[in-house]
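Work through the exercises below with the structure in view. Try each task before you read its solution.

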Amino acid sequence: MTASRRPRPSGPGRQGPAAPRRQTLGAHVTGQLLRLCETAGLDEAEGADHARTLIAALGPVADRPLDLPAPDRSFLSDDHTPVEFSLSFEGSAPPTLRVLLEPGCGADDLAQNGRIGLQVVRAMGRNWGFDTERLDELADLFLPDDPQGAFALWCALELRAGGTPKVKVYLNPAANGAERSAATVREALHRLGHRRAFDALPPGDRHLFFALDLGAWETPRVKVYLAHHGLTAGEAAGLSRAPGELDPALVRDFFRTTTGRVTGGAGDDARELRPFQSCHAFTETASGRPSGFTLYVPVREHAAHDREALDRALTVLDGLGTDPTPLLRSLPAVTSRRLEDGVGLIAYLGLAHQTGRPPRVTAYLSSEAYEVRPPRATALRQAVPVP
Ligand code: TRP
């Protein structure tokens with residue numbers, strides 16, 4: 001880990017007047033965040049507050065010069081930037097801006113990574129007046145002394161105008177070994193009073209994340225994320241266990257549009273693709289059923305470049321009658337590269353359904369602080385129109 005150092009004031013550095021100052025990870029991601037806040041309609045003072053929160057949550061790695069490699073192999077994003085942004089669109093309202101981050105990414109090992117994460121979330125609780133009781137109840141389960149797997153703890157902040165951020169915490173079901181993921185999720189749901197929830201989940205290939213809403217939520221959720229390899233549009237539409245108005249045709253169309261599988265044909269081809277994901281959100285214990293469902297398509301695996309990914313996102317927003325302007329403005333807030341010159345700026349597209357609410361579409365935007373994945377030379381599909 002690099003030593004903590006506050007950014008030096010501007011002006012000539014010690015190396016002489018000609019030495020350019022080294023951009024830091026913190027400056028890079030807060031620059032993106034401030035520009036995104038502006039596009040999301042947050043005022044300057046609010047943006048500055050959120051930028052300070054992000055720097056504080058990242059800790060010492062915020063001061064890490066950007067020309068050094070990523071602080072660790074964070075699985076949060078493809079190029080290991082420990083930060084990812086997202087814009088969530090519901091109906092005709094302006095989108096919500098969110099930021100996902102890994103507070104412990106500068107730690108020497110996963111156990112310390114988790115401890116730092118826990119400290120950072122507890123500090124948010126103290127500052128913003130929420131309790132972390134539900135997280136504390138699960139700490140021994142997900143943050144054991146010798147954790148396994150690809151990460152320990154992430155947190156996401158929903159950045160609101162005129163209020164403290166809403167907080168989400170992501171924990172690793174494989175913390176006690178991948179083979180114990182299902183048992184770990186079952187036990188965690190049990191401890192939180194969701195005794196029948198595990199059996200309500202659809203089949204999946206792996207438990208990826210266990211998430212909790214903390215802080216100022218109207219209806220805090222407990223969420224379980226599953227991986228699904230080789231899905232078809234029809235299978236994707238059959239994954240929701242939430243009662244209510246989600247039209248399976250909407251999920252199928254979303255799947256076809258975002259994967260570019262206009263033929264509606266079979267599942268993945270021979271390539272090893274990142275899996276699709278589903279999320280099942282539980283908000284009450286009485287029914288034993290989830291009240292929310294989200295399908296995530298890793299659009300970067302199914303598009304040649306980000307122009308194609310953006311076009312698909314625009315098609316989806318258009319179908320829901322949502323104003324695409326904020327999404328169009330958010331991309332130049334994050335990068336100055338041409339969309340054709342890489343793939344992965346738009347990492348995922350998600351379609352969410354929560355009982356009683358209109359469908360919600362979320363675009364996940366990579367920071368690309370360290371690397372841009374080159375575009376694929378050829379389109380991945382043959383655009384055969386459905387007869
Ligand atoms: N990078 C991880 C993945 O691809 C985790 C992740 C980050 C993720 N943002 C996400 C997963 C949005 C689903 C949706 O799995």
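**Exercise 1. The ligand shell**

How many nonpolar, polar and charged residues does the shell around the ligand have?

Solution. Note that this is a predicted model. Step 1: list the surrounding residues. They are Phe75, Leu76, Ser77, Glu84, Leu100, Trp154, Phe209, Gln277, Tyr296, Arg300, Tyr348 and Tyr364. Step 2: sort them by class. The shell has 8 nonpolar, 2 polar and 2 charged residues.

**Exercise 2. Polar contacts of the ligand**

Find what lies 2.6 Å from a nitrogen atom of the ligand. Then look for contacts at Phe75 and Arg300.

Solution. Step 1: go to Glu84. A polar atom of its side chain is 2.6 Å from a ligand nitrogen. Step 2: go to Phe75. Here a polar backbone atom takes part, 2.9 Å from a nitrogen atom of the ligand. Step 3: go to Arg300. An N or O atom of its side chain sits 3.1 Å from an oxygen atom of the ligand. Step 4: turn to the cover. On its own, the ligand has 350 Å² of accessible area, and the protein covers 93% of it.

**Exercise 3. Two aromatic pairs**

Classify the ring pairs Phe75–Phe209 and Tyr348–Tyr364. Then place each residue in the chain.

Solution. Step 1: know what to look for. A pair of aromatic rings is described by the distance of the centres and the angle of the planes. The structure holds 15 aromatic pairs.

Step 2: take Phe75 and Phe209. Their centres are 6.3 Å apart, with 15 degrees between the planes. Planes under 30 degrees apart count as stacked, so this pair is stacked. Phe75 is in the loop between α2 (44-58) and β1 (83-90), while Phe209 is in strand β5 (residues 206-214). They are 134 residues apart, so the pair links distant parts of the chain.

Step 3: compare accessibility. Phe75 counts as partly exposed because its relative accessibility is 39%. Phe209 counts as buried because its value is 7%.

Step 4: take Tyr348 and Tyr364. Here the centres are 6.4 Å apart and the planes are at 80 degrees, an edge-to-face pair. Tyr348 belongs to strand β9 (residues 346-354) and Tyr364 to strand β10 (residues 360-366), 16 residues apart. Both tyrosines, Tyr348 and Tyr364, are buried.

Step 5: widen the view. Ring pairs join Phe75, Phe209, Tyr348 and Tyr364 into a cluster that also includes Phe151, Trp154, Tyr170, Tyr225 and Tyr296.

**Exercise 4. Thr39 and Gln112**

Which of the two labels, buried or partly exposed, fits Thr39, and which fits Gln112?

Solution. Step 1: locate Thr39. It is in helix α1 (residues 25-39). Step 2: read its area. Thr39 has a relative accessible area of 15%, so it is buried. Step 3: check its surroundings. A polar side-chain atom of Thr39 lies 2.8 Å from the backbone oxygen of Leu36. Beyond residues up to four places away in sequence, Thr39 touches Arg329, Ser330 and Ala333.

Step 4: move to Gln112, in helix α3 (residues 110-128). Its relative accessible area is 23%, so Gln112 is partly exposed. Step 5: find Pro147. Gln112 and Pro147 are 35 residues apart in sequence, and their C-alpha atoms are 9.7 Å apart.

**Exercise 5. The whole protein**

What share of the 387 residues is buried?

Solution. Step 1: count the elements. The protein has 10 helices and 10 strands. Step 2: read the share. Buried residues make up 53% of the 387 residues. Step 3: turn to the surface. About 17200 Å² is exposed, and carbon and sulfur atoms supply 51% of it.

How values were computed:
Residues numbered from 1 in each chain as written. Predicted model: local features only at pLDDT ≥ 70, side-chain atom pairs only at ≥ 80, totals over all residues. Heavy atoms only, no water. Near = heavy atom within 4 Å. Polar contact = N/O pair within 3.5 Å; in protein donor to acceptor, adjacent residues only side chain to side chain. Areas by Shrake-Rupley, 256 points an atom, 1.4 Å probe, with all protein chains shown as cover. Nonpolar A, V, L, I, M, F, W, Y, C, P; charged D, E, K, R; others polar. Helix = DSSP H or I, 4+ residues; strand = E, 2+ residues; numbered from the N terminus. Buried < 20%, exposed > 50% of the residue type's maximum accessible area, 1.4 Å probe, protein only. Phe/Tyr/Trp six-rings, centres within 6.5 Å; stacked < 30°, edge-to-face > 60°. Contact = heavy atoms within 4.5 Å.
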